[in-house]
Structures are given as C-alpha cells and as structure tokens.
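Q: I have a structure open here and would like to talk through some of its contacts with you. Could we go through it piece by piece?

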Amino acid sequence: MMKFTLVSLLFVATLNAFAQEQGNKKMDDFITDLMAKMTLEEKIGQLNLPGSGDIVTGQAANSDIGRKIKEGNVGGLFNIKGVDKIRAVQKVAVEESRLKIPLIFGMDVIHGYQTVFPIPLGLASTWDRALIEQSARVAAQEASADGICWTFSPMADLSRDPRWGRIAEGHGEDPYLGYEMAAAMVRGYQGNDLSANNTIMACVKHFALYGASEAGRDYNTVDMSRLRMYNEYFAPYKGAIDAGAGSVMASFNEVDGIPATANKWLMTEVLRNQWGFDGFIVTDYTGINEMIDHGIGGLKEVSALALQAGIDMDMVGEGFLTTLKASLSEGKITEQQIDQACRRVLEAKYKLGLFDDPYKYADPQRSAREVYTEENRKIARNIAARSFVLLKNEGKVLPIKKTNSIALVGPLANAKENMAGTWSVAADFSKGISVMQGLQELMGQSGRVHYAKGSNVYSDSTLEARVSVFGKNTGWDRRPEKVLIDEALSAAGKADVIVAVMGEAAEMSGESSSRTDIELPANQRRLIEALLTTGKPVVLVVFTGRPLVLKWEHENIQAILNVWFGGSEAGYAVADVLFGDVVPSGKITSTFPQNVGQIPIFYNHKNTGRPLPEGQWFQKFRSNYLDVSNEPLYPFGYGLSYTDFRYGQPILSRNSMSAGEEIEIRFSVTNTGDYDAEEVVQLYIRDMVGSITRPVKELKDFKKVMLKKGESSQVSFTIDIEDLKFYNSDLQFVAEPGEFKVFVGGNSRDVKEAGFTLK
Ligand code: BGC
C-alpha cells in the first residue's frame, strides 16, 4: 500500500513537472513570436512603469500617459484606483497600440485593499500564518476585482530600528518570523494559480537591507557584513522567493557601497543564481534617477548600470525609456540585456493571463460585489483584534464592563481617518470605524461614553500639519491646551474608568516618517498626568506604527493596550478587546526599548566577550550602560492575556541527534486564569559554540494554542539539522556539531530550558 502511494505520488509529481515544462514552452514560444515583431523602442517601452499621472475617467486615451501607451512606451501603471479607469487605460493599450500588449497594473496593496487589515507590524503580532495568509487572500480578492493584478507587497525589510518609520510596513526584527510571514503573504496573494482572476502577483521589497538605514533615517546609507545579510536580513526576502513571489522591488539604499538598483551581485548573483528567482525585478520609485545623487553617474550611466545589474522595469524615472537606446548604440549595453528584461516583463503578463484576457482583473460586477464586503470586514475585525498586544494590566483593570461609564479621551479616540495607518491607498477613510463608534455600538444602551478630545496629537501645529497628510486629517483643535485638558477632566469626572486613546497619527510612521523622539508627544503625556490625578483607573490604548518608548507610561498607568493601526474595522476590534469579547493574544515582534539610546536593541544579539551577568544592571568593564540597564522595556515575543499561562519543563525525545534524525520537544502549557484564551508558544535555540559567534537565542518555531480556562495541553515542536544551520564565514550553510540549548515560553525572556548535542 505504502509502495503504491509512493509510486502514485511520484507519478503525479512527474506529470506536474511535465505539464509545467509544456506550459513554460508554450509561454516561451508565445513570447518569442511576440518579441520577433517588436521594435527596439517597443521592447524598451515594456520596461517603463510610469506613475498614473493625469488619467481621468473617460479621458484615458487623450492623456499624456494615453499617448505614451499608444506609442508602445509603457509596460504598466501603478496606484490607479477604480475598475472603470483601469479598463479605460487597458483599452488604449490593447486597441490603440501597434502590438496590443496589455498593461500590468500594480498598487501598494500592503495590508488590505479597501477592507484594510492591520499594518504589517500589527499583522505579524498575531504570530498566525493562517490569518496573515487570509488577510492577503482577501486583499487579492478585492484588488483583483478592481483592476489590480500586481501588488508591491510583502515588504520584507527586517528592521531593528524603531526610529525608522517604515518599520510599520515590515514584520519586525526576527529572520525566522519574517521568513514565515513573507511566505504566508505571498501564498495569500498568489494562491496556487497566478492566472486565476482573483489572484495577484506579489512583489517582495525592498531588496535589500532597507530596514538597516543608519540612525533610522529614511533612505540613509546601509553598511553591513555579508554574514549579517545572509544570517539575518536576507531571510524574510528569501521567504517570499521560496514561496514563489513573481517579482522583486529593488531598494533605495546602497549595499556594499553600490546602490541596490545597480548592484549586480545582489540582483543577479544572490537573487537569481543563489536563490533561483526567475521573475522580474522593478526599481523603487525613481530608484534609477536617484543614483545620480548617490554619486554613481549621470542618467545614461546609471540606467545602463541598472539594466546590467539585472533590473527589468524602471518605476517612474524613465531612465530606461530615455537612455537605453543610446547606450546600446554606444555599446555600453547589449540588445540581449534589453531582450532579457523585456522577456521577463512579458512573462509576468503571460503568467497573469493578461494575453488571454486583458480585462480579467477588471470586472465591474465583481468589483461591486466583492470589494469591502460584510464578510471581508468581519475577517478584518477578527484579525485586528488578534494583532493587539496587551502590554500591562495591573489589578486586572481590563476587561471593562459594557455597563460601565467610560471617559473616552485622546486625539485618536475619534479619528476615523487615522484608523487605516500608513499605505492604505485604496481605503475609503470616511468609512473608518473610530474607537468611539466601536465602544458606543458595543455598549448600546447599557453603558455610557463621555468623550473629550483632551489633546491634539502634537502641540506644535507645524508638526501636526506634517503628519496630517493624504486625507488622514487629525482634526487639529485650536483651543488652548488647558481648555482641552479641563474638558477631558470633566468627562473623567462622570466616569468609572478612563480610556485614553493616544500615540501616533497614521502618518507618523511609514515612508519618510522617521522620528528621533519616539515617546508620546509631551502634550499627550501632560493629558495623561492630569487624568491620573483623578485617581480613576486609566487604560491607555496606544496607536502606533513602531515600538514606542513607553517607560513612563509603564511606570504610571495601570493598563496599556498597543493597537498599532488596526485597519478599517479597528474601532470595533478595540472595543472587542477592551470588553473582553476577544481575549488579547498578540505578541510584539519588535523589541520595545526603555529609551532611544538603547537602539538598536533586539533579542537575538550576540553574547560579546564581556556579557553582563543575568539580572544585573551595571558592572565596570562589562558590556552595559551607566544610566540604563540592558533590558528592553518589553522583550521580543512579549504580550499579556486576560488569563495566565504556566509552562512545564520541556522534555526532549533524545538528548543527542545526528544528521537525518529529529528531536521532539514536548512540554505542557496550562491556562491558570479565568478566561479561555489563545497563547503564542515560542521555541528558541542557542548554539553554544560555533566557528563564528552565534546569537544568544534564535526563534525556530511557534504555535498558537487555544486553551479553555483551567485546561492543560501538551505542546510539541520537532527540530532537525536544518533548523540548526547558519552561514559560516565562507557563507556556506552548515550545522556544526556541539551543544545546543532549547528554550520554550510565551516570550523571548521568560523561558524554560533544556539542551541536546548535535553529533
Ligand atoms: C516606496 C515603495 C512603493 C513605491 C510605489 C516608493 O516610494 O518606497 O514601497 O511600493 O513608492 O508606490
């Protein structure tokens, strides 16, 4: 029987491989035929991805872009919203250009389309591969109904610097977690069949290392050892590639002194030769032109360098469009290089099925039926609630009773435009659900909400104007600070509990939103101080796109719930968790520092030759600071529940293993509190001795378990030699024999330990 199954599996695999080969051959032949008809200009035109510019519905053909499309000078467009507009532009391409090649339509569908999910840093906090895949699936379903077939996501930039605003768009600081999350997103977007009309092509970005910009300042220089690239920062991109991402976006920064966009080692050697990527590579927005400022050459030179490096498509800058022909005639590039890039872009269109039906992603009926549906919003609400992280809950202030009287204060309490967070291109902010609306609807007639804004986001109107952009108005209140605070105090006077909704406005994180001071703005802090004088319990609900410095808040406020930017249903989800309809289970994937001076601070650091003994703050001539301990405020993997969990001692199925063998790690987890709840169980290892220094802990697996109150369950993980591998100084991926420690727990700090030997 076993034999039979094996044989039939082999047969199916061979059949699949055969079918794929036939499919590839069909695609190759089709593209070869098409390219034989293309002029050099038309080939270069396919490499051009301009912004959507001046397109107005009904006028597509007469617009500037329309003219370029007719001339065969455009390969695709991005960030146009609306099925009618997209159909109109596609019509120009397939009816009025000489070869009728369809356009590819991209968009930054980063965390949902019109139904918006939590920002990726929030999504990652669910530690739930299935939920993340589901969010991407819904995003693909909606986007593809509305004309989009290509998304500039997942953003796989590992980052350990919360000053960097774009930390919001990634999955945090861990290579393994980042790998898993990026892969889950690709599976969600692309499904099993890229040519289906409800799947879209993923574009993993920003390749590579963008999250390591110096001092957390956006677009800044990156300089990193190859060991760190391979062992840490590359992993999340690799996750997306291994999951089959169809395209890659180059990053703005330099890698080893050469801008990524012109870095042949990165784009060709690593991505294509080592990782086997066979899709197409697009630059980031004006990435080619920016190399002039990087100091690499003029537009003609940098465009040629990008093509030579392996870039296939030029976003916005038109360096390819305007210079490649001249470079070719000067012998700086070859026609084969242009052909190669053109072929890859055409292959993407072919794989998406655009040659069969250029309108397959733009079906007005589907758009009306499938975008922002009740069902999708329900999914978004569920995922949002599971992304929130309970940071503190002293005296079990939370959950709140629906029959309570609540003073709801703070600049984000009634801010529906700010719920979606950064990169919510397709969102309709007027439909956002504010926390006030969520609380009121869930309480109904049983309790009362007394609302007062209490403070602006910033007291400085210039700063507030800077983050009140893209329609995400913060509703600046001109009244003096004292008046706002008094109003909040008067609301507090009528209430049993104060819920203060504060933190960052949506545009305080994301692109070009780096900050050096990542505490709550001082005026918001003053509001909390005033509220604390009432002696009433205060619950701080923090909106943020990054780990904030919350030391003062941790020391002074009883309960803190970190809610990121939860998306279109955030207001309901916050209410679900505050009232205990959903028990919080999110865990942070990016360390929260005690102060900015500790940055970069991350759990998987090296030990150094002078580590500080555990539990101590300072010893002379040890690796530490005089003025702050080495501990983070909240460690990686941390997050509380309304219940408590107790972990049993891990038992290993064997205490030594050889290649080809496995070890099972088994332990109990018990829900010792009063609520049924989910717990994210985490597995870490430490390689005690290596040919290169190894991190003090590395996440190797995680699982979410649901436990009823009082319930105890056995949890197990299995590891084999693959889990112990790393890149050595020759950049070979190896496991080295020796001692390993194993840690299990509910965060990276509070763990139970065991050990084994690799023979
Ligand atoms: C960002 C990318 C984005 C692109 C297109 C750039 O500024 O860096 O992440 O995909 O714009 O909108």
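Q: Is Arg344 buried or exposed?
A: Keeping in mind that this is a predicted model, Arg344 has a relative accessibility of 15% and therefore counts as buried, since the cut-off for that word is under 20%.

Q: Where does Arg344 sit, and what is it in contact with?
A: Arg344 belongs to helix H14, which covers residues 335–351. Once its neighbours within four places in sequence are left aside, Arg344 is in contact with Arg272, Gly279, Phe280, Gly310 and Asp312.

Q: OK, salt bridges next. How many are there in the whole structure?
A: A search of the whole structure finds 56 of them. One is formed by Lys704 and Asp128, whose closest N and O atoms are 3.3 Å apart.

Q: Which parts does that pair tie together?
A: Lys704 is in strand E22 (residues 698–707), while Asp128 is in the loop between helix H5 (120–124) and H6, so the salt bridge ties together parts that lie 576 residues apart in sequence. Asp128 itself counts as buried, at 15% relative accessibility. The two residues also belong to a network of salt bridges that links Asp128, Arg386, Glu678 and Lys704.

Q: What does Asp581 pair with?
A: Asp581 forms a salt bridge with Lys402, and the closest N and O atoms of the two are 2.9 Å apart. Asp581 lies in the loop between helix H22 (570–578) and strand E17 (645–647), and Lys402 in the loop between strand E11 (389–393) and strand E12 (405–409), so this pair ties together parts that are 179 residues apart in sequence.

Q: And how accessible are Asp581 and Lys402?
A: Asp581 counts as partly exposed at 46% relative accessibility, and Lys402 also counts as partly exposed, at 28%. For Arg694 and Asp687, which form a salt bridge with closest N and O atoms 3.2 Å apart, both residues are buried.

Q: Switching to that loop between H22 and E17, what about Phe592?
A: Phe592 is found in that loop, and with a relative accessible area of 0% it is buried. Not counting residues up to four places away in sequence, Phe592 touches Leu391, Pro547, Leu548, Leu550, Asn562, Trp564, Pro632, Leu633 and Tyr634. Its C-alpha atom is separated by 8.4 Å from that of Pro162, although the two residues are 430 residues apart along the chain.

Q: Now the nonpolar cores. How many residues has the largest one?
A: The largest nonpolar core has 127 residues, and those with the most contacts inside it are Leu77, Trp150, Phe207 and Phe234. Helix H6 (residues 129–145) contributes the largest share of this core, namely eight residues. There is also a second, separate core of 104 residues, which includes Ala413, Val435, Ile485 and Ala495.

Q: What is Phe234 in contact with?
A: With neighbours within four places in sequence left aside, Phe234 is in contact with Phe207, Ala208, Leu209, Met229, Trp265, Leu266, Val270 and Trp275.

Q: Phe207 came up there too, so what does Phe207 stand opposite?
A: Phe207 stands opposite Ala250 in E6. Strand E5 (residues 201–207) runs parallel to E6 and is joined to it by three bridges, and three bridges also join E6 to strand E9 (residues 280–282), again in parallel. In E9, Ile281 is the bridge partner of Val248.

Q: Which residues lie on the two faces of E6?
A: Ser247 and Met249 are on one side of strand E6 (residues 247–250), with Val248 and Ala250 on the other, and all of them are buried, which leaves both faces covered. In a regular strand, side chains alternate between the two faces of the sheet.

Q: Last one: what is the strand order in the open sheet of five strands?
A: The order is E19-E27-E26-E21-E22, and the pairing is mixed. Strand E19 (656–657) and E22 stand at the edges with a single partner strand each, so one side of each has no neighbour in the sheet. Strand E21 (residues 677–687) and strand E26 (residues 738–745) run antiparallel and are joined by six bridges, with Val742 in E26 as the bridge partner of Ile685.

Definitions and conventions: Residues numbered from 1 in each chain as written. Predicted model: local features only at pLDDT ≥ 70, side-chain atom pairs only at ≥ 80, totals over all residues. Heavy atoms only, no water. Core = buried A, V, L, I, M, F, W, Y, C linked by side-chain atoms within 4.5 Å. Buried < 20%, exposed > 50% of the residue type's maximum accessible area, 1.4 Å probe, protein only. Helix = DSSP H or I, 4+ residues; strand = E, 2+ residues; numbered from the N terminus. Contact = heavy atoms within 4.5 Å. Salt bridge = Lys/Arg side-chain N within 4 Å of Asp/Glu carboxyl O. Pairing = 2+ DSSP bridges.
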